[in-house]
There are 2 protein chains.
Amino acid sequence: MPRGNAVTIREVARRAGVSIATVSYVLNESAPIREETRARVLAAAAELGYRPSALARSLRARQSHTIGYSWHHVPRDHWHPILDPFLYSMAQAAEAEGYHILTFAQPADGNPWRPYQELMLTGRVDGFILSETNRDDPRVRYLLDHDFPFVAFGRANEEWDFPYVDVDNAAGTRMAVEHLVGLGHRRIAVIAWPEDSLTGSYRLQGYLEGMAAAGLPVDPAWVVRTEHSEAAGRQAMGLLLALPPDRRPTAVVTMSDLMAIGAINALYEAGLQPGRDVSVVGFDDVPMAQYLRPPLTTLRQPVAEVGARVVEMLLKLMRGEPLPERRVLLPPRLMVRESSGPHPIP
Amino acid sequence: MPRGNAVTIREVARRAGVSIATVSYVLNESAPIREETRARVLAAAAELGYRPSALARSLRARQSHTIGYSWHHVPRDHWHPILDPFLYSMAQAAEAEGYHILTFAQPADGNPWRPYQELMLTGRVDGFILSETNRDDPRVRYLLDHDFPFVAFGRANEEWDFPYVDVDNAAGTRMAVEHLVGLGHRRIAVIAWPEDSLTGSYRLQGYLEGMAAAGLPVDPAWVVRTEHSEAAGRQAMGLLLALPPDRRPTAVVTMSDLMAIGAINALYEAGLQPGRDVSVVGFDDVPMAQYLRPPLTTLRQPVAEVGARVVEMLLKLMRGEPLPERRVLLPPRLMVRESSGPHPIP
DNA sequence: GGGCATAGTTGAAACGTTTCAATTCCTGGG
DNA sequence: CCCAGGAATTGAAACGTTTCAACTATGCCC
């Protein structure tokens, strides 16, 4: 029965022979109630299987106890390496505090902040979690302008002040370079994303820092910028392999596992053995990464931690509690597998 | 501002110089209103940026316009091949009708139907979408017993009467067998799931039907039941390879891409070439499948269609409209790639 | 010119809570 | 035995809508 005849506080009150106020006080422990009355009310509520209406409660309290989250839908071969664990950890963290996650789709056309506006104005949500933010992100801008609580997984413009949690992308690629240097590589290339990707620029920066720290020069030809796809990764690797032998990289850091796979496939096509002839490192640690041939060395993002953290911060924010840290960076973890090579290069 | 000072219908009424009832009638077009008044109200609403409170509306209408969905969280190397497209298509379909999707986590312990009960009793949702149902599914049982609207992606006990959409798993594996037979294979094995998986039993059944239809005998040793993991798939393939030459299968159908990868890896380890020496077919078409070596022949599930369909049915159900079809089966699509072999076997 | 239907509008109730302010009930001290 | 004062309880308002029932014009017919 679709809650048409759900039991209300009124019925509990009648059954316990008290007023509805008393029932409310007992259930919320928000006023001193005689023990005997308390017991009677509790018994009545239990017998009737009473649960207070979230709707009525929300209306009264003027908050929905709901958090909005929307993610970018991507073509099926690009996919979202993080949705499942991220959403799950958010849902868990939220529920522990009596909140729920409302997911909504980002329409392909129109203002990206439209759905956010609608949810906010109709009072359906008390705050938002954003993910995959970027420079000049219109959603971030909109929420900041309207002073609505939100926390982002990812950064935007440095000068915009808003709470976020992000993976320390630069640290990740820096680690990757260090790892490769430790294996004896000196000519290390990077297959990077286009300039408009903020995350991509952090990852690229980490590569550059890693090279600099190791005192290695960077041949401009080693930095290939291309889009996020297997085909692009494959092509980029082809470009690198076409360099003259003394400039040809022996290792390559990529922005994603998908691109790493492209690179690996290019190596196979060129008759080379990935992990032996050329080392490849990915980013994301997609579920399959460990089962690929060769198993992929890659950077695992602490997605579940980000999810829990981001919700925790949002709850604090919505309750008006102070946020100890508004800008959190969590380090990724380098998963060393065979695509980066089992042995140091002589 | 967290909606503390959101504009209400009262303010619109005052600004337009009419009663709140009139405003409501204008906005919902639920009563005849003089054109001039109508214009005044509309103008006032627009000027104030008024949007009716979803909470108040829901309370009054006694429905939340929200659909609950929860999925099983899986270990990170098993993952959920369908969550992203499924959730996205559901969200889209729901929003087109003014509904939203509330996601919640399935706690590891305790009654599986507990969170469903809570959401239902507190009136937070008007209906549920279930996925990954199984035989004797306690959630299905609970919702049936309490006569609460839901639609499942997946089936349960044959004798339980409830609306569902499912992929025609048997048709999928049948297609796979046909395809392999067409390539010239006669000794075809299957790496299947344990008996407690309903989906697994449909997929196994399809294999058996396919073999029967082709007039091929099934050696009992060709049916290996094992759990859903790469390691298990690898082991199972090992078992099959250990059969004497004249009983050794030349092709194998698996229950999932993950197991197919295990099988492929076992072939490599045995010095065999998957797709040439032994054909392998997966199930799911995970995003990486096409980029594997060899690219994986597999069955793609029409996940987005299922999502749209399931929501459409649930909406009908909740509105009390008749459901033309209560049991829908959607065929998967065989994606032929190289792991099943480029050439017919002589 | 009176009655009457009808278009247009409004007041108020209701949805199910929480909580303020007021009331009743005790208990104990003088 | 009375009264103060705290403990326990209650009535009613409020949250922001929708919608029923009632009311007021307005125009039309006889």
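**Exercise 1. Is B:Arg34 buried or exposed, and which side chain does B:Arg34 meet in a salt bridge?**

Step 1. B:Arg34 is exposed, at a relative accessible area of 59%. Here buried means under 20% relative accessible area, exposed over 50%, and partly exposed in between (1.4 Å probe, protein chains only).

Step 2. The partner is B:Glu36, with 3.3 Å from N to O. A salt bridge needs a side-chain nitrogen of Lys or Arg within 4 Å of a carboxyl oxygen of Asp or Glu. B:Glu36 is partly exposed, with a relative accessible area of 44%.

Before you go on: this is a predicted model, where local features need pLDDT of at least 70 and side-chain atom pairs count only at pLDDT 80 or more, while totals for chains, interfaces and linings use all residues. Residues are numbered from 1 along each chain as its sequence is written, chains are lettered from A and ligands numbered from 1 in the order in which they are written, and side-chain values use heavy atoms, with hydrogens and water left out.

**Exercise 2. Which parts of chain B do the pairs B:Arg327 with B:Glu158 and B:Arg174 with B:Glu209 tie together?**

Step 1. Start with B:Arg327 and B:Glu158, a salt bridge whose closest N and O atoms are 3.1 Å apart. B:Arg327 sits in strand S11 (residues 327-330) and B:Glu158 in the loop between strand S4 (150-153) and strand S5 (164-167), so this pair links parts 169 residues apart in sequence. Helices (H or I, at least four residues) and strands (E, at least two) are DSSP runs, numbered from the N terminus.

Step 2. Check exposure: B:Arg327 is partly exposed at 34%, whereas B:Glu158 is exposed at 54%.

Step 3. Now take B:Arg174 and B:Glu209, with closest N and O atoms 2.7 Å apart. B:Arg174 belongs to helix H8 (residues 169-182) and B:Glu209 to helix H9 (residues 198-213), so they tie together parts 35 residues apart in sequence.

**Exercise 3. What relation superposes chain B on chain A?**

Step 1. A rotation of 180 degrees with 0.0 Å of shift along its axis does the job, at RMSD 0.1 Å. The fit is by least squares on the C-alpha atoms of residues with pLDDT of at least 70 in both copies.

Step 2. Name it: that is the relation of a two-fold axis. In chain B, the C-alpha nearest the axis belongs to B:Leu102, 2.2 Å away.

**Exercise 4. Which residues are the closest to DNA strand D, and which polar contacts go with them?**

Step 1. Of the 27 residues that surround DNA strand D, the closest are A:Thr22, A:Thr37, B:Ile9, B:Tyr25 and B:Arg60. Near means that one heavy atom of the residue lies within 4 Å.

Step 2. Look at polar contacts (pairs of N or O atoms within 3.5 Å; within protein, one must be able to donate a hydrogen and the other to accept it, and residues adjacent in sequence count only if both atoms are side-chain atoms). A polar backbone atom of B:Ile9 is 2.6 Å from a phosphate oxygen of DNA strand D. For B:Ser53, a polar backbone atom is 3.1 Å from a phosphate oxygen of this strand.

Step 3. Ask who gives the most to this surface: H2(B), with 5 residues.

**Exercise 5. Which polar side-chain atom lies 2.5 Å from a phosphate oxygen of DNA strand C?**

Solution. That atom belongs to B:Thr37. B:Thr22 also has a side-chain N or O atom 2.7 Å from a phosphate oxygen of DNA strand C.
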